Amino acid sequence: MSNIERSLQEFSRACKKIPGGVNSPVRAFKSVGGVPLFIQTAKGAHVTDLDGNRYLDYVGSWGPMILGHSYESVTTAICDATQKGASFGAPTEAECELAELICSFVPSVELVRLVNSGTEATMSALRLARGFTKRDRVIKFEGCYHGHGDSFLISAGSGATTLGVPNSPGVTAGTAADTLVAKYNDLESVEVLLQKYPDSIAAIIVEPVAGNMGVIPPADDFLQGLRDLTHKYGAVLIFDEVMSGFRVAKGGAQELYSVRPDLTTFGKVIGGGLPVGAYGGRKDIMDMVAPIGPVYQAGTLAGNPLATAAGIATLRAIDTIPDFYTALEKNAVMLEKGLQRACSDHGIDSVLNRVGSMMTAFFTSNSTVQNYTDATTCDTQLYGRFFNEMLKRGIYMAPSQFEAAFVSYAHTSENIETTVKTAGMVLEEITSSQLK
Ligand code: KE4
């Protein structure tokens, strides 16, 4: 095990002043065991911890770093913006440019409002859907995560599942009562709720590619089925593309699966590593947003000059790098097939789900993982061992079975080969130690 003395020291220090020593629960390594690494620098496909240990990074800051860390044009844009002042609390050209870029990438977005996080984006989109429809209820899916807004911490995925608190204390009964939960990839479970409450469901919010119970692709008819049902019952269809947006395709999952939502939420990639979220969609709905409409939403640092500079540079790079998504797909397929082969070669039951450059290796004897129930059959102990053994060998996978691994543009085929080879060695060691 590499020396992680400095991380141990800093974690002990952090725990004295920060709950759990982290500012977001999934970073705590709770489900995989061990002490979270304190990262000092990151460049390209690698991160380096305080003790100087270098890791091939598949967390990618949980999705934003699609270009790789410290991508030159993004770093330069942030530095240049800093010279002009950090924040004005007034409109800027950069906000117009980022809004125009988002709308050009995602045609269903006619108007877009910038916020500071994915959570703010989904909270705002739900409030807007409620204001537009004058209805109260929302349907979400078991295992999907839409940030930590009260309405969404019901059967939530990501850290809520990882830590075993899919329904968080502090969410009032009244709020919870307005959130109905259906089963991912199960249209019947949705229609039952719509039939039960035909006139009171404001919206259905869905991760069009689920990433927060591990990666689960939509079944063939699922997204179009949601589109048809929301049209039939007059509910707003919200695609939460905070993770899938600009990741699985330039136009996100709605381009990949050719289904047009009414509203879309964004985050991660559109900030290039700085805090940016956004929600947008149909003009008739977005016209309800203050100050032109009555639905209130605000933010001191929304559209911040540094964050918008990073977001613009990121989207511009994605748009100008030749065959950007083809390159991502090539390495992602290589990783998918390599990990599948490593598991089968060593008799490890697994299901590997991938959409574009986001994927999850589920350690399960199930033949498929298509919903939250399937995902929770996984051997999280085995995943924890796999994670830690890979980490010891310089490969930083997602520190939870219920998260996605991300391939960035900076990952090379040599990096993928190293990852697959290391996975084979780790699984060999795990299986031979189990046989003893
Ligand atoms: P943020 O508030 O963390 O920017 O975004 C919330 C969010 C909303 N919607 C989806 C589909 C998301 O995946 C997220 C955040 N994703 C998690 C990782 N699964 C962020 C990591 C964390 O919580 O630290």
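A residue is partly exposed when its relative accessible area lies between the two cut-offs: buried is under 20%, exposed is over 50%. The exercises below use a predicted model.

**Exercise 1. Classify Cys-15 and Cys-79 by relative accessibility.**

Step 1. Take Cys-15. Its relative accessibility is 39%, so Cys-15 counts as partly exposed.
Step 2. Take Cys-79. The value here is 40%, and therefore Cys-79 also counts as partly exposed.
Step 3. Check for disulfides. The structure holds zero.

**Exercise 2. Describe how the chain is divided into domains.**

Step 1. Read the bounds. Domain 1 is made of 5–70 + 322–435, and domain 2 spans 72–320.
Step 2. Place the domains. Their C-alpha centres are 25 Å apart.
Step 3. Count the contact residues. Domain 1 supplies 35 residues to the contact, and domain 2 supplies 40 residues.

**Exercise 3. Characterise the shell around the ligand.**

Step 1. Count the shell. The ligand is surrounded by 17 residues. The closest are Ser-24, Thr-119, Asn-212, Asp-240 and Glu-403.
Step 2. Sort by class. Five residues are nonpolar, eight are polar and four are charged.
Step 3. Assign the shell to domains. Domain 1 and domain 2 each give at least three residues.

**Exercise 4. Which atoms of the ligand pair with the side chains of Thr-119, Ser-158 and Asn-212?**

Step 1. Start with Thr-119. An N or O atom of its side chain is 2.7 Å from a ligand oxygen atom.
Step 2. Go to Ser-158. Here a ligand nitrogen atom is 3.3 Å from a side-chain N or O atom.
Step 3. Finish with Asn-212. One of its polar side-chain atoms lies 2.4 Å from a nitrogen atom of the ligand.
Step 4. Add the cover. On its own, the ligand has 540 Å² of accessible area, and the protein covers 87% of that.

Conventions: Residues are numbered from 1 along each chain as its sequence is written. This is a predicted model: local features need pLDDT of at least 70, side-chain atom pairs count only at pLDDT 80 or more; totals for chains, interfaces and linings use all residues. Side-chain values use heavy atoms; hydrogens and water are left out. A residue is near a molecule or strand if one of its heavy atoms lies within 4 Å of it. A polar contact is a pair of N or O atoms within 3.5 Å; within protein, one must be able to donate a hydrogen and the other to accept it, and residues adjacent in sequence count only if both atoms are side-chain atoms. Accessible areas come from the Shrake-Rupley method with a 1.4 Å probe; for residues, only the protein chains shown count as cover. Ala, Val, Leu, Ile, Met, Phe, Trp, Tyr, Cys and Pro count as nonpolar, Asp, Glu, Lys and Arg as charged, and the others, Gly among them, as polar. Domain bounds come from an automatic or database domain assignment. A disulfide is a pair of cysteine sulfur atoms within 2.5 Å. Buried means under 20% relative accessible area, exposed over 50%, partly exposed in between (1.4 Å probe, protein chains only). Contact means heavy atoms within 4.5 Å.
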